[in-house]
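User: I've got a structure open and I'd like to talk through it with you. Can we go at it in short questions and answers?

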Amino acid sequence: MTPLSVVQPSAPEALDAPATPPPRPVRWRLLLGFVLPIGAAVLWEAAVRSGIAEGRLMPPPSRILATLVDLARGGELWWHVQATLGRVGAGFALGVAAGTALGALAGASGLWRALLDPTLQGLRAIPSIAWVPLFILWLGIFEASKIALIAVGVSFPVYLGTLGAILSIDRKIIEVGRIFRLSGPALVGRIMLPAVLPHYVIALRSGLGLGWMFVVAAEFMGASEGLGYLLVDGQQLGKPAQIISAIAVFAILGKITDALLVALIAPLLRWQDVAGRS
Amino acid sequence: MLALRAVSKRYPNGTRALADISLVVDAGEILAIVGGSGCGKSTLLRLAAGLEAPTSGQIHVDGVPIAAPHPAVGLVFQEPRLLPWLTVAGNVGFGLAALAPAARAAKVCAALARVGLADYAGRWPRELSGGQAQRVALARALVTNPRVLLLDEPFSALDAFTRVDLQDHLLDLWADTRPTLVLVTHDIEEALVLADRVMVMRAHPGRIAGVLTLDAPRPRDRQSGTFERAKRQLLADLGRAGTYRPGEEAFPSAAI
């Protein structure tokens, strides 16, 4: 009789057995995102076709698509898209330039920050649409006032993002630069700019988002072309399909420009150690 | 040669981090500085590196006054502080921007080989272990060939195995060009294994409480009788150096 039971070591072949590789992450999960919108579209189409819903104010997808194709065939769509893209582009560029310059200035020294920040925060509190009447008086009804409005909308998030990024640079990293006797432009170029970049990209993206928001407001104030004009025109002439078409184009353009911005900067951020990777 | 003459440092909040410190570290000497937290040992290093200015007194390296970071003085921090947007090679070559790319690449390559990371030149800092990152930091500080290398608790964040490994490695690297080393540490064994002299510091205000000279040749056997005796003496010195105030750490050997 043995007083102790001995635990048998597990069979060695169990250790040698090749580990089954984990199943590849399923790519079709990406398609899951399409289920809701496409499902809703199909349901609505079916409801209108079967006569359950009327579809006059909320046209079915087929009619929206037909409107889009119509607009595209006539060349009209490109004309409007071009006008809107041009305004967003110009306003975004101006807003980014102003926001970055002011943010860098306020981030560079406490003195500038004390001088600039309260005023800018005050201006930021004004709903940007409130500038519209003034901009029209100052700059006229054409392009200048529209671009100015977009630039104002873009500049504030870029200013805030730039300033916040500069203020959050790790002192320890700056010290590395000092140990190697960097100062002035070299310290900015070799330490501060790369350190600021990840935050700055986020500022640019929110700026771009606001740019798209404000271009609609700008085009509501009396434009004769642009996607915003299509919206107003659709409302006044009772063409809901045209309104939804324009909205869809906004969604697509917004997504594409954001993706372009991210793709342009991605090579500069390969070094990042972030949770979003892998 | 690093010389401090009557150096004091008082911070704006009134803390006297250093009071009247005079000290000469000879060329090629390894000096370890030990002491409890708040005794001013890191402040001393930051002053010698030129990152901060003393309130009074002078600091010279080979006769040159140090008022700002100087090319002859290198500093390794407690954390590797690698720049995350540069590759390992980019980090090591950071202080060599004045060199032509080819000359820089050659120096970086040699420095990385010297710390055993020749295959890691293209990696990002995030892909390194703690010990590897600190090796890269060592290579970055040594590649410019400083005459004085300051190390601020460089191995304290590493596990025991890696630490011993890097201590040996540091001696190896030091043997190449024999710079003056000043090593701040809270690890008594580390001080005793590496240093020619161990300086004990005392807080409130930060001052020198004693200096222990070690004659034993390196590499030193951590198990030998001399080593044990030196360790006991140092612990006794530290015990005396400690001004026990409520809430302040004492000096049990395990904690130091």
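User: How many helices and strands does chain B have?
Analyst: Keep in mind that this is a predicted model. Going by the DSSP runs, chain B comes out with seven helices and ten strands.

User: What is the radius of gyration of chain B, and how does that sit with the globule rule?
Analyst: In a box along the principal axes, the C-alpha atoms of chain B take up roughly 55 × 45 × 35 Å. For 256 residues the globule rule gives 18 Å, and chain B is close to that, so it is as compact as a globular protein of that length. The radius of gyration of chain B is 18 Å.

User: Of the contacts in chain B between residues at least 6 apart in sequence, what percentage join residues at least 24 apart?
Analyst: For background, 42% of the 256 residues of chain B count as buried. For the contacts you ask about, the share joining residues at least 24 apart is 67%.

User: Which strands are the edges of the open sheet of four strands in chain B?
Analyst: The order in that sheet is S2-S1-S4-S5, with antiparallel pairing. S1(B), residues 2-10, pairs with S2(B) over six bridges, and B:Leu2 has B:Val25 as its bridge partner in S2(B). An edge strand pairs on one side only, and here those are S2 (16-25) and S5 (64-65) of chain B.

User: Which residue in strand S2 of chain B has a positive phi without being a glycine?
Analyst: Most residues other than glycine have a negative phi. In strand S2 of chain B, the residue in question has phi near 55 degrees. With 15 other C-beta atoms within 10 Å, it is partly exposed. That residue is B:Asp20.

User: Strand S9 of chain B pairs with S3(B) and S10(B); which pairing is parallel?
Analyst: S9(B) covers residues 197-202, and five of its six residues are buried. S10(B), residues 207-213, pairs with S9(B) in the antiparallel sense over six bridges, with B:Met201 opposite B:Ile208. S3(B), residues 30-34, pairs with S9(B) over four bridges, and B:Val34 is bridged to B:Val200 there. The parallel pairing is S3(B) with S9(B).

User: Which residue follows B:His204 across a cis peptide bond?
Analyst: S9(B) and S10(B) form a hairpin with four residues between them, and B:His204 in the turn has a positive phi of about 55 degrees. The cis bond has omega of about -15 degrees, and the residue after it is in the loop between S9 and S10 of chain B. It is B:Pro205.

User: Where is B:Pro219, and what is omega for the cis bond that joins B:Arg218 to it?
Analyst: Most peptide bonds are trans. B:Pro219 is placed in the loop between S10 and helix H7 (225-241) of chain B. For the cis bond from B:Arg218 to B:Pro219, omega is about -5 degrees.

User: Why is helix H1 of chain B largely enclosed by the rest of the structure?
Analyst: Take the nine residues of H1(B), 41-49, and look at burial. Among the buried ones are B:Lys41, B:Leu44 and B:Ala48. Just after H1(B), B:Gly50 has a positive phi of about 85 degrees. H1(B) is largely enclosed because the number of its residues that are buried is seven of the nine.

User: Which helix gives the most to the largest nonpolar core?
Analyst: That core has 117 residues, and A:Ile150, B:Ala48 and B:Leu150 are among those with the most contacts inside it. B:Leu150 touches residues including B:Leu45, B:Val73 and B:Val182. The helix that gives the most, with 14 residues, is H7 (residues 143-167) of chain A.

User: Is B:Leu86 buried or partly exposed?
Analyst: B:Leu86 is placed in the loop between strand S6 (73-76) and helix H2 (88-92) of chain B. Beyond its neighbours within four places in sequence, B:Leu86 is in contact with B:Asn91 and B:Phe94. A buried residue needs 20 or more other C-beta atoms within 10 Å; B:Leu86 has 17, so it is partly exposed.

User: How many nonpolar residues are on the side of chain B that touches chain A?
Analyst: The contact takes 13 residues from chain B and eleven residues from chain A. By class, the chain B side has one polar and two charged residues, and the number of nonpolar residues is ten.

How values were computed
Residues numbered from 1 in each chain as written. Chains lettered and ligands numbered in written order. Predicted model: local features only at pLDDT ≥ 70, side-chain atom pairs only at ≥ 80, totals over all residues. Buried ≥ 20, exposed ≤ 12 C-beta atoms within 10 Å, placed from the backbone. Helix = DSSP H or I, 4+ residues; strand = E, 2+ residues; numbered from the N terminus. Pairing = 2+ DSSP bridges. Core = buried A, V, L, I, M, F, W, Y, C linked by C-beta atoms within 7 Å. Contact = placed C-beta atoms within 7 Å. Nonpolar A, V, L, I, M, F, W, Y, C, P; charged D, E, K, R; others polar. Rg over C-alpha atoms; globule rule 2.2 N^0.38 Å.
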